[in-house]
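Subject: Structure handover

Hi,

Here is the structure I promised to pass on to you. Have a look at it first, and then read on for what turned up.

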Amino acid sequence: MQYRTLARTAVSAIGLGAMPLSIEHRPDEKRAIATVHAALDAGVTLIDTADSYHWHVGETGHNELLVARALAAYGGDTSRVLVATKGGRGRPGDGSWTVSATPTHLKKAAEASAKRLGVDAIGLNQLHKPDPAVPWAESVGALRELLDAGTIRAAGVSNVTTDQILQAHRILGDGLVSVQNQYSPAVRDSEPELRLSERLGLAFLPWSPLGGISRSSLDGPSGPTSIGTPFHRLAAERDVSPQQIVLAWLLARSPAMIPVPGASRPASISDSARATELRLNARELTELETLLPD
């Protein structure tokens with residue numbers, strides 16, 4: 001396993017996106033916990049969750065509680081595991097997603113997340129999405145207050161523009177450690193945010209990193225996927241999964257990149273973790289720059 005820097009500590013270069021374990025079409029708890037344990041067995045030390053990762057109404061924090069139970073039940077050492085959670089979004093139970101990033105909500109949400117995770121302070125707390133009804137500086141200011149109060153140890157921002165990153169950096173200083181935007185073979189329009197993260201020394205956690213190769217958990221079982229891409233062709237040459245090729249490509253794009261692919265089966269995260277063993281050469285990387293077909 002390779003390691004990269006996040007929240008001033010070394011974490012596995014591939015993390016586990018725990019969302020599929022709690023939202024629609026989620027596995028039963030036995031398989032969900034086995035998936036987390038498989039990630040830990042593979043050397044994964046970063047788990048990405050959020051208070052809004054749940055399915056039904058009244059389930060806020062389902063994923064955080066699940067992750068906490070899985071860590072508690074693991075037979076090995078979990079002291080190096082960084083659990084990154086997010087606040088600022090909601091799920092009313094009808095399949096939709098809402099946004100609420102008022103300072104009051106963000107502070108209460110972080111306190112509740114810490115309680116569910118069973119920690120005195122959250123290792124990394126990220127603002128899930130800007131709220132168009134709330135000035136950005138006010139939302140980020142809540143993260144500043146959480147840092148100052150010791151409720152969280154580090155802060156991040158998600159689904160943001162370069163201007164929003166710069167403003168957050170001015171407010172949070174060294175307390176800002178990460179950016180989490182969508183980035184994948186199919187969606188590359190956060191390239192400016194990735195490069196800015198590099199310059200500022202921030203980790204970049206691409207969400208839905210396998211987009212275009214595998215269906216996102218947000219798409220459901222009928223969501224779109226692709227076949228016959230350069231990633232698939234190279235995977236056949238290397239005798240590995242297309243997912244491993246995508247993750248190796250992401251890692252090669254920037255030292256700031258820390259993908260957190262979702263998984264709902266132990267085999268999926270075990271396969272993803274092996275991407276850190278792949279080294280793509282210059283020819284292969286050039287071939288993979290070919291855009292995916294529409």
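Let me start with a pair of helices: the axes of α1 and helix α9 (residues 266-273) come within 8 Å and cross at roughly 20°. The two helices are therefore roughly parallel to each other, since an angle under 35 degrees counts as such. Their crossing is right-handed. On the α1 side, R31, A34, T35, A38 and A39 make the contact, and they meet P266, I269 and S270 of α9. By type, the residues in this contact of α1 with α9 divide into 5 nonpolar, 2 polar and 1 charged. Please keep in mind throughout that this is a predicted model.

Helix α1 (residues 29-41) has another partner, helix α2 (residues 62-73); here the axes come within 9 Å and cross at roughly 60°. That angle makes α1 oblique to α2. The crossing of α1 with α2 is right-handed. The residues involved are E29, A32, I33, V36, H37 and L40 from α1, which meet L66, R69, A70, L71 and A73 from α2. This contact of α1 with α2 breaks down into 8 nonpolar, 1 polar and 2 charged residues.

Now to the strands.

Strand β1 (residues 3-6) and strand β2 (residues 9-12) run antiparallel and are joined by 4 bridges. One of the pairings links R4 to V11, its bridge partner in β2. Together β1 and β2 form a hairpin that has 2 residues between the strands, and A7 in the turn has a positive phi of about 55°.

Then there is an open sheet of 7 strands, with parallel pairing and the order β3-β4-β5-β8-β9-β10-β11. Which strands are at the edges of this sheet? They are β3 (16-17) and β11, each of which pairs on one side only.

Within that order, strand β8 (residues 124-127) pairs with strand β9 (residues 155-158) in the parallel sense, over 3 bridges. L127 has V157 of β9 as its bridge partner. On to the next pair: β9 and β10 are also parallel and share 4 bridges, with A155 finding its bridge partner L176 in β10. As for strand β10 (residues 176-180), 5 of its 5 residues are buried, so the strand is largely enclosed by the rest of the structure.

A residue worth opening in your viewer is N125, which lies in strand β8. Is N125 buried or exposed? N125 is buried, because its relative accessible area is 5% and the cut-off for buried is under 20%. Leaving aside neighbours within four places in sequence, N125 is in contact with T85, A110, L143, L146, I152, A154, A155 and G156. Among these contacts is A155, the residue whose bridge partner in β10 is L176.

Finally, here are some loop residues you may like to click on.

- P135 sits in the loop between β8 and α4 (136-149). P135 is partly exposed, with a relative accessible area of 45%. Its C-alpha atom is separated by 13 Å from that of L106, and the two residues are 29 apart along the chain.

- N159 is in the loop between β9 and α5 (162-172). N159 has a positive phi of about 60° although it is not a glycine. With a relative accessible area of 26%, N159 is partly exposed.

- S208 belongs to the loop between β11 and α7. S208 is not a glycine, yet its phi is positive, at about 50°. S208 counts as buried because its relative accessible area of 19% falls under the 20% cut-off.

- I227 is found in the loop between β11 (203-204) and α7 (230-238). Is I227 buried or exposed? I227 is exposed, because its relative accessible area is 72% and the cut-off for exposed is over 50%. From C-alpha to C-alpha, I227 and I213 are 7.1 Å apart in space, with a separation of 14 residues in sequence.

That is the tour. Have fun exploring it!

Best wishes

Technical notes
Residues numbered from 1 in each chain as written. Predicted model: local features only at pLDDT ≥ 70, side-chain atom pairs only at ≥ 80, totals over all residues. Heavy atoms only, no water. Axes fitted to C-alpha atoms, helices over the stretch in contact; angles between N-to-C directions. Parallel < 35°, antiparallel > 145°, perpendicular 65-115°, else oblique. Left-handed = near helix turned anticlockwise from the far one by under 90°. Contact = heavy atoms within 4.5 Å. Nonpolar A, V, L, I, M, F, W, Y, C, P; charged D, E, K, R; others polar. Buried < 20%, exposed > 50% of the residue type's maximum accessible area, 1.4 Å probe, protein only. Pairing = 2+ DSSP bridges.
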